[in-house]
Number of protein chains: 2
Amino acid sequence: MARTYGGTTMADRKAHRRRTLLDVGTELLGTKGTAAVTVRSVCRAAKLTDRYFYESFAGREELITAVFDEVAELAATALRAAVAIQAPPPDLARAAVDAFLGVLTDDPRRGRILLLEPLTDPVLSAHAGDAMRLFEALIGSQLPTTDPVRAQLTATALLGALTHLFTRWLDGSLPATRAQLTDFCVAMLANSATADRS
Amino acid sequence: MARTYGGTTMADRKAHRRRTLLDVGTELLGTKGTAAVTVRSVCRAAKLTDRYFYESFAGREELITAVFDEVAELAATALRAAVAIQAPPPDLARAAVDAFLGVLTDDPRRGRILLLEPLTDPVLSAHAGDAMRLFEALIGSQLPTTDPVRAQLTATALLGALTHLFTRWLDGSLPATRAQLTDFCVAMLANSATADRS
DNA sequence: ATGGTGTGACGACACCCGTCGTCAATCAGG
DNA sequence: CCTGATTGACGACGGGTGTCGTCACACCAT
């Protein structure tokens with residue numbers, strides 16, 4: 001029987017503190033960007049003394065990569081569920097775009113964490129790079145081209161297009177409805193899937 | 001007759017110091033990113049005392065926006081020259097892509113300064129935003145669609161695609177030759193210019 | 001009550017930053 | 001030589017950072 005303090009076990013308290021730090025990390029990274037995430041700023045916002053930061057994380061790098069990983073896993077899970085359906089490619093693409101957008105609109109901070117900050121922050125860009133390469137390879141493998149260079153160019157272009165569309169839409173500077181955006185993305189993906197046939 | 005010191009006029013020395021600061025700003029912003037650009041780091045690298053920083057710039061914001069503006073002006077100039085030729089659209093697109101890539105490959109730091117850092121740095125993003133909106137409007141006005149929403153979606157997608165393609169190619173992670181990349185971009189632009197006709 | 005554990009606050013240390021005033025040395029023109 | 005301009009170095013001030021040890025107090029189980 002674990003000993004309690006304040007009515008909870010040490011393991012529970014530790015988990016709770018870790019959760020709090022991740023939440024604050026998400027808030028700072030997703031609203032102000034990577035420079036705003038420091039050990040002290042996070043602990044200040046979390047109302048925890050910085051000893052507890054080191055209880056869960058070796059340093060800021062570990063925190064921001066953990067925050068990124070949480071969001072990436074959310075997105076991946078949603079995508080996996082969406083494309084698990086048995087449907088023709090256009091419906092799959094629509095389901096995928098819808099699912100991804102759903103994850104982003106459920107919490108707009110996620111767009112910045114998943115799509116923007118990794119473009120310039122050295123820690124995130126090194127960490128996220130593999131995930132992004134994976135996404136590209138996934139997109140690329142769906143393309144009906146036998147030319148690997150062309151496949152990668154297309155996948156990169158698509159990822160770039162989607163990144164810009166999503167982030168711009170999320171920040172309110174794209175005057176499109178969600179349905180219009182979804183339709184456009186689906187058509188764009190479909191167009192790429194058939195472009196080599198022309 | 002302006003008084004001289006060390007064989008040069010005050011105006012010349014001031015101009016030289018400003019040039020040096022801009023060069024160092026370009027180096028730091030283009031290789032390490034915005035966080036590495038501080039008044040002290042710039043002056044250290046420029047081997048100037050920080051009094052001289054304030055001779056030309058009110059603060060770091062003014063320096064990084066000046067650095068961005070220099071690169072943007074280079075790109076704009078190259079683009080204007082490239083599309084001044086009398087040629088059919090595919091040749092215009094090719095000339096534009098070639099010119100833009102030329103500016104970037106002449107100095108790879110420019111890709112980061114022009115395309116990446118403004119995505120996340122608040123100062124640059126606010127400052128570059130208008131230039132980017134202009135680029136988008138320009139691309140959009142070349143599209144044969146009467147639907148303004150669709151035009152903007154397309155322009156945004158294209159800008160995103162180009163951004164990713166260029167930055168990924170510049171960092172060496174796209175295994176394509178420059179000719180392959182150029183061909184792809186030209187085809188992509190051409191495809192978008194005709195996509196609405198389908 | 002006792003001894004051990006957990007917590008919050010804080011100080012230490014060494015570093016960084018932005019901004020600017022001061023001082024000593026050098027340069028320049030009359 | 002004299003006086004004023006220019007330069008380089010540096011310190012001041014007030015803020016921030018990462019990391020971690022210490023202390024006083026509160027909590028807990030026995």
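User: Why is B:T120 called buried?
Analyst: In this predicted model, B:T120 has a relative accessible area of 11%. Buried means under 20%. The value falls under that limit, so B:T120 counts as buried.

User: Where does B:T120 lie, and which residues does B:T120 touch?
Analyst: B:T120 lies in helix α6 of chain B, which spans residues 109-120. Setting aside residues up to four places away in sequence, B:T120 touches A:R112, A:L116, A:E117 and A:T120.

User: What makes the pair B:T120 and A:T120 a polar contact?
Analyst: The distance between their side chains is 2.6 Å. The cut-off for a pair of N or O atoms is 3.5 Å. The pair is within it, so the term applies.

User: Is B:R168 buried or exposed, and how do you know?
Analyst: Buried. Its relative accessibility is 9%, and buried means under 20%. B:R168 sits in helix α8 of chain B, residues 148-170.

User: What does B:R168 contact?
Analyst: Beyond neighbours within four places in sequence, B:R168 is in contact with A:R133, A:E136, A:T156, B:S173 and B:L174. With B:S173 there is also a polar contact, side chain to side chain, at 2.8 Å.

User: How do you know whether A:C185 forms a disulfide?
Analyst: Look at the sulfur distance. The closest cysteine sulfur to that of A:C185 is in B:C185, 19 Å away. A disulfide needs sulfur atoms within 2.5 Å. The gap is too far for a bond, so A:C185 forms none.

User: How many disulfides does the whole structure hold?
Analyst: Zero, over all chains.

User: Which cysteines are buried, for example?
Analyst: A:C185 is one of them, at 0% relative accessibility. B:C43 is another, at 4%. Both values are under 20%, so both cysteines count as buried.

User: What touches A:C185 from the nonpolar core?
Analyst: A:F166 does. Its other contacts include A:V97, A:F100, A:L101, A:L104, A:L115 and A:L181, not counting residues up to four places away in sequence. A:F166 is also among the members that touch the most others in the largest nonpolar core, along with A:L165, B:L165 and B:F166. That core has 111 residues.

User: Where is B:C43, and what covers the buried residues there?
Analyst: B:C43 is one of the buried residues of α2(B), with B:V39, B:S41, B:V42 and B:A46. Their cover includes α1 (10-31), α3 and α4 (60-83) of chain B.

User: What follows α2(B), and what is notable about its phi?
Analyst: B:K47 follows α2(B). Its phi is positive, about 55°, although B:K47 is not a glycine. B:K47 is in the loop between α2 and α3 of chain B.

User: Why is B:K47 called exposed?
Analyst: Its relative accessible area is 75%. Exposed means over 50%, so the label fits. A:K47 is exposed too, at 73%. A:K47 also has a positive phi of about 55°, and its place is the loop between α2 and α3 (53-56) of chain A.

User: Which residues come nearest to DNA strand C?
Analyst: Of the 21 residues around strand C, they are A:R13, A:R17, A:R51, B:G6 and B:R40. By class, this surface has six nonpolar, five polar and ten charged residues.

User: What makes A:R51 and A:R17 polar partners of DNA strand C?
Analyst: An N or O atom in the side chain of A:R51 is 2.6 Å from a base oxygen. A polar side-chain atom of A:R17 lies 2.8 Å from a phosphate oxygen. The limit is 3.5 Å, so both pairs qualify. A polar backbone atom of B:V39 is 3.0 Å from a phosphate oxygen of strand C.

User: What part of DNA strand C lies within 4 Å of the protein?
Analyst: Of those atoms, 62% belong to sugar or phosphate, and the rest to bases. For DNA strand D the sugar or phosphate share is 60%.

User: Which side chains reach bases or phosphates of DNA strand D?
Analyst: A polar side-chain atom of A:R40 lies 2.5 Å from a base oxygen. The side chain of A:D50 has an N or O atom 3.4 Å from a base nitrogen. For B:R13, the side-chain distance to a phosphate oxygen is 2.4 Å.

How values were computed
Residues are numbered from 1 along each chain as its sequence is written. Chains are lettered from A and ligands numbered from 1 in the order in which they are written. This is a predicted model: local features need pLDDT of at least 70, side-chain atom pairs count only at pLDDT 80 or more; totals for chains, interfaces and linings use all residues. Side-chain values use heavy atoms; hydrogens and water are left out. Helices (H or I, at least four residues) and strands (E, at least two) are DSSP runs, numbered from the N terminus. Buried means under 20% relative accessible area, exposed over 50%, partly exposed in between (1.4 Å probe, protein chains only). A polar contact is a pair of N or O atoms within 3.5 Å; within protein, one must be able to donate a hydrogen and the other to accept it, and residues adjacent in sequence count only if both atoms are side-chain atoms. Contact means heavy atoms within 4.5 Å. A residue is near a molecule or strand if one of its heavy atoms lies within 4 Å of it. Ala, Val, Leu, Ile, Met, Phe, Trp, Tyr, Cys and Pro count as nonpolar, Asp, Glu, Lys and Arg as charged, and the others, Gly among them, as polar. A nonpolar core is a set of buried Ala, Val, Leu, Ile, Met, Phe, Trp, Tyr and Cys residues joined through side-chain atoms within 4.5 Å.
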